[in-house]
Amino acid sequence: MAKGLLMTYALWAVGGLAGLHHLYLGRDSHALLWMLTLGGGGLGWLWEFWKLPSFVAQANRAQEQRQSSGRGIPPLSLIRFVAQMIVGIYFGLVALISLSFMASFYIVGLPLAVGLGVLLVAAIGNQTSDLKNTLGAAFLTSPLFYGRPIAILPISLAASITAQKHRRYKPSAGSETLSVRLYRLGLAYLAFTGPLVYSALCNTAVTLSYVADTLGSFLSWFSFFPLLGRLLESVLLLPFRAWKLLVGDHSISSSYFQEWAKLYEFVHSFQDEKRQLALQAFGLSEGATNEEIHGRYRELVKTWHPDHNRHQMEEAQRHFLEIQAAYEVLRQPRKPRGSWRWEETSL
């Protein structure tokens, strides 16, 4: 049955982030990718607005195209290569969060996750790649960076290069029923999200720690590109900055330092912002000496000690704990921006 452009645009508008239009066009790999990434973070979904006519045309001549192109080699695509790299890294980060408790994670789990992400992009449209060679490249690269989250980058690079080297057109195949396709997509979706959901629900504290370390490691990869790293930090800090604009005053009486300290602990690279928040809590500016910090600490402790504020005990205890937490931050020496907690814990 011929695919309609109007129906494709309707499905793109209604359920495009979940890949419904790709499912309608028989592009199951693309549909699964959109299901797992919410339309490529929304950007891929928007970009596809101009590509839908070509997708529809390709779907309508899919049988003829596969038969005529099966013996050739698809042209090299830089966009597909970059997408393979990005999705491989994305799959690796998700695996770090949900599967890093495995004893053989860096030998089996990580290269398998990254390799499957690369292969998913390689199988989009009328192309595919060699499963054994792509996964083999991922598994051979993994031991060179054993125990280090940065292994995601070289594994994804090696797998993407191999997938491009062995790219080919998909062979001609008979049509499958929708129920079979949905069953296969459902299993793949559960295999991706199941471990993550289990970790989040059954081991929330450890999962949050993995998320914090993973995001910290991810941001530290950009230590050689300070502007890009700061841009990513700014994006992740948008909720906090919006809160600051709405609340306005951030003195010690209204800062709730401990709550926001937990936010900054969530991403290790936010040490500068965390220090600025502690300075605000103390009413000091950047460049304050240790003597000034210690003197201000003694003043605030004297002011807000619970023994001196029995008429407002609850508020005094909260302020006292905030002062202690802020002082602990200001006492610590500032670490270089490229350090990882992953490396510290692995030593």
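The following exchange between a student and a tutor works through the helices, core and selected residues of a predicted model.

Student: How many helices and strands does the secondary structure of the protein come to?

Tutor: The model is predicted, and the assignment applies to a protein of 347 residues, of which buried residues make up 43%. For the secondary structure, the count comes to 19 helices and two strands.

Student: Among contacts between residues at least 6 apart in sequence, what percentage join residues at least 24 apart?

Tutor: The contacts to consider are those in the protein between residues at least 6 apart in sequence. Within that set, the share that joins residues at least 24 apart is 70%.

Student: Which helix gives the most residues to the largest nonpolar core?

Tutor: The largest nonpolar core has 20 residues, and those touching the most other members are Leu 33, Leu 36, Phe 91 and Leu 120. At least two residues each are supplied by H3 (28–41), H5 (52–60), H7 (78–99), H8 (105–122) and H11 (178–202). With five residues, the helix that gives the most to this core is H3.

Student: Which residues does Phe 91 touch, not counting those up to four places away in sequence?

Tutor: Phe 91 is one of the residues of the largest nonpolar core that touch the most other members, and Phe 91 also takes part in the contact of H7 with H11. Not counting residues up to four places away in sequence, the partners of Phe 91 are Leu 36, Ala 113, Leu 116, Gly 117, Leu 120 and Phe 192.

Student: Is the crossing of H7 and H11 left-handed or right-handed?

Tutor: The axes of H7 and H11 are 8 Å apart, and the two helices pack at an angle of about 40°. From H7 the contact draws on Tyr 90, Phe 91, Val 94, Ile 97, Ser 98 and Leu 99, and from H11 on Phe 192, Pro 195, Leu 196 and Ser 199. By class this contact has eight nonpolar, two polar and no charged residues, and the crossing of H7 and H11 is left-handed.

Student: Why is H1 described as oblique to H5, and what is the handedness of their crossing?

Tutor: The axes of H1 (residues 5–15) and H5 come within 10 Å and cross at roughly 125°. Because angles from 65 to 115 degrees count as roughly perpendicular and those over 145 as roughly antiparallel, this crossing makes H1 oblique to H5. Leu 5, Thr 8, Tyr 9 and Trp 12 in H1 meet Leu 52, Pro 53 and Val 56 in H5, and the crossing is right-handed.

Student: Is Ala 151 buried or exposed?

Tutor: Ala 151 is placed in the loop between H9 (131–141) and H10 (152–165), and beyond its neighbours within four places in sequence Ala 151 is in contact with Leu 110 and Phe 145. The C-alpha atoms of Ala 151 and Ile 89 are separated by 9.6 Å, although these residues are 62 residues apart along the chain. The relative accessible area of Ala 151 is 1%, and Ala 151 is therefore buried.

Student: What is the relative accessible area of Leu 38 in helix H3?

Tutor: Leu 38 lies in helix H3, and phi of Leu 38 is near 50°, a positive value in a residue other than glycine. Another residue of helix H3, His 30, is buried, with a relative accessible area of 8%. Leu 38 is exposed, and its relative accessible area is 56%.

Terms used
Residues numbered from 1 in each chain as written. Predicted model: local features only at pLDDT ≥ 70, side-chain atom pairs only at ≥ 80, totals over all residues. Heavy atoms only, no water. Core = buried A, V, L, I, M, F, W, Y, C linked by side-chain atoms within 4.5 Å. Buried < 20%, exposed > 50% of the residue type's maximum accessible area, 1.4 Å probe, protein only. Helix = DSSP H or I, 4+ residues; strand = E, 2+ residues; numbered from the N terminus. Contact = heavy atoms within 4.5 Å. Axes fitted to C-alpha atoms, helices over the stretch in contact; angles between N-to-C directions. Parallel < 35°, antiparallel > 145°, perpendicular 65-115°, else oblique. Left-handed = near helix turned anticlockwise from the far one by under 90°. Nonpolar A, V, L, I, M, F, W, Y, C, P; charged D, E, K, R; others polar.
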